[in-house]
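Labels in structural biology should be earned. Let us test some of them, one at a time.

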Amino acid sequence: SYMSFEGTTTWQVIVEETAEYKENIDEKAYFDKIICLWKEYPNAISNRITTSVLIDEDTDAWKEVISVFNSKYKFDPSNLVLDDKEHPHFASPYSIACRVPSENSLTLQILKPSNAPDEHYEFLRNSAFKQVFTWMKGIDLSKTSRKTNSLIDKESYARTYQQIREDYGRGLIQGWTENSNPHKVIFEDCGIAAYITELINRGLLPKPKRFVDIGCGNGVLVHLLNKIGLNGYGVDVRQRKIWKTTLKDVDLRESTVEPQFIVENQPHFDADVDLLIGNHSDELTPWIPVMAAKLNCNFFLIPCCPFDFFGKFSNTGSYLGPKRMTSQYESFFEWTVSVADRLGFDVKLDRLAIPSTKRLCIVGRVPERGLCPNLDTTIQKMTQGQKFVARPREIKNNNCMHLSVSDRERIAKKLFDYILKSSDEVRDGWRCGGEVPLAQLAGILSDEDKKLMKDQDGGLQTFLRNHHQIFHVFKAAARLRDFRQPIVKKQRPGWTQPKQTPKMKSPCWMSLNHPDGCPVGPEACRYEH
């Protein structure tokens with residue numbers, strides 16, 4: 001379809017889809033929310049888009065934008081340069097619109113000028129639209145979205161991030177020796193390093209004499225911060241392979257951090273440390289504000305796995321009011337913020353533009369008036385005088401595979417039978433069952449079965465994934481594994497799959513348990529028959 005807006009440009013719909021809702025909606029509020037998300041989280045649309053910048057109307061920058069738009073085919077921003085640096089851009093302008101077919105539905109559209117080349121819009125049509133439509137289907141107007149990089153200058157951050165990534169990040173990919181995906185891990189740490197740099201540039205954190213990255217893991221963040229001129233080191237309970245190779249010149253120390261030493265006024269870190277960094281520091285997370293308070297220094301914290309002072313964190317509701325329902329992570333994050341508040345820190349919160357589901361951060365600065373006056377008493381009350389128990393150097397791999405063989409077989413057979421009977425579908429003579437939501441599968445397990453899994457630090461999804469030859473898990477649902485079908489996986493850029501599938505020594509589960517036997521037969525099957 002075509003439609004005319006202001007000016008002479010005719011706009012053409014290149015992609016559209018309709019979302020249906022269970023009740024009548026406020027279409028204007030929904031559309032405003034979509035535009036807000038589009039502006040606020042452009043890196044969710046593509047990790048090549050670092051940020052978006054709004055330009056106020058009737059400013060010099062606005063006039064320049066409009067004049068450039070109008071000078072070349074009415075709305076084309078491709079030659080727009082505001083700061084003498086070429087930014088990544090879409091080669092042609094686009095428009096987002098919503099149509100209202102009924103009171104409980106909304107049609108999302110992306111449009112282009114009718115005379116613009118189609119090839120400029122492949123990304124918008126095939127990738128960006130899917131993300132925005134997913135947002136639109138799940139809009140919750142009661143939730144307020146946290147703004148990304150709200151404490152810092154976004155354009156300055158974008159330049160700093162690009163510089164760190166190109167000058168130091170890319171070079172690390174070649175020598176990567178860890179099991180993790182280097183593109184995600186390294187570029188995520190480039191984002192964190194750039195963010196800390198911008199906090200310092202804006203005066204929200206003073207430049208540290210020396211920082212310590214607590215639970216530094218692979219050590220990449222320490223390396224990047226050193227490269228951009230910040231002095232400091234990292235500690236972790238166990239060293240990584242890369243410490244002795246690519247990062248052999250970085251100060252990374254295999255050591256157990258003992259918060260109790262610092263609470264009891266014993267020296268533990270280097271004497272001039274004045275910034276504690278906790279990037280996904282697990283059970284040490286709530287102790288970082290406590291240690292920073294005792295050292296009278298600042299901290300930067302990205303909470304991840306929920307731990308309180310002495311074990312797994314228990315969600316007892318919101319810390320911002322008794323009637324607010326929150327997720328486990330939201331409750332944990334609010335509780336961690338409350339710890340820093342009680343200690344007297346000047347606390348600021350933000351959301352980082354990094355490829356991680358856990359990207360909320362806490363910036364704690366010692367105020368000029370000082371921390372709370374009765375610091376030791378406050379810490380004693382919060383920790384109830386108990387001692388911190390450090391993680392062992394050797395980590396036991398708890399993944400539900402330490403259950404007894406009989407328990408594993410019994411639970412697997414129960415889940416298998418349920419999925420098989422959930423549908424009568426037959427694929428080339430083999431009954432393949434249905435696709436069952438994990439929540440539905442959990443309902444057929446006994447409390448004893450769930451406890452067995454929980455005691456192994458696992459759950460239903462972990463159990464299913466570790467019985468790979470029986471079940472395929474994707475998007476919160478499970479189906480029976482059929483090796484004739486292509487395996488659907490999330491794409492990970494730069495991630496190479498093994499070229500050949502090795503033959504397994506374990507027996508074929510389907511040949512022993514499925515009423516139609518193995519779908520691929522003994523010759524093609526990777527398991528023993």
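## Labels and the values behind them

Q: Where is aspartate 428 found?
A: Aspartate 428 is in the loop between β12 (426-427) and β13 (430-431). The model is predicted.

Q: Why is aspartate 428 called exposed?
A: Exposed means over 50% relative accessible area. Aspartate 428 has a relative accessible area of 71%, so the label holds.

Q: What is notable about the phi of aspartate 428?
A: Its phi is positive, at about 50°, although aspartate 428 is not a glycine.

Q: Which phi does asparagine 296 have, and where does this residue lie?
A: The phi of asparagine 296 is near 55°. That is a positive value in a residue other than glycine. Asparagine 296 sits in the loop between α9 (287-295) and β9 (298-302).

Q: Is alanine 524 buried or exposed, and how do you know?
A: The cut-off for exposed is over 50%. Alanine 524 has a relative accessible area of 58%, so alanine 524 is exposed.

Q: What element holds alanine 524?
A: Alanine 524 belongs to helix α17, which covers residues 521-524.

Q: How many residues separate alanine 524 and phenylalanine 483 along the chain, and what is the distance between their C-alpha atoms?
A: They are 41 residues apart along the chain. Their C-alpha atoms are separated by 9.5 Å.

Q: Which residues line the second largest cavity?
A: Phe483 is one of them. The others are Gln469, Arg481, Cys508, Met510, Cys518, Pro519, Val520, Cys525 and Tyr527. This cavity has a volume of about 50 Å³. The structure holds three cavities of 30 Å³ or more.

Q: What makes up the lining of the second largest cavity, by residue class?
A: The lining has eight nonpolar residues, one polar and one charged. Arg counts as charged, so Arg481 fills the charged place. Gln is in neither the nonpolar nor the charged list, so Gln469 is the polar one.

Q: What share of the protein counts as buried?
A: Of its 529 residues, 45% count as buried. Buried means under 20% relative accessible area.

Q: How many helices and strands does the protein have?
A: The protein has 17 helices and 16 strands.

Q: How confident is the predictor, and where does pLDDT stay under 50?
A: The mean pLDDT is 83, and 84% of the residues reach 70 or more. pLDDT stays under 50 over residues 73-90 and over residues 395-400.

Terms used. Residues numbered from 1 in each chain as written. Predicted model: local features only at pLDDT ≥ 70, side-chain atom pairs only at ≥ 80, totals over all residues. Heavy atoms only, no water. pLDDT = per-residue confidence, 0-100. Contact = heavy atoms within 4.5 Å. 1 Å grid on protein atoms, 1.4 Å probe; cavity = no way out; pocket = protein on both sides within 12 Å on 5 of 7 lines; lining within 4 Å. Points joined across faces, edges and corners; volume = space filled by probe spheres on them. Helix = DSSP H or I, 4+ residues; strand = E, 2+ residues; numbered from the N terminus. Buried < 20%, exposed > 50% of the residue type's maximum accessible area, 1.4 Å probe, protein only.
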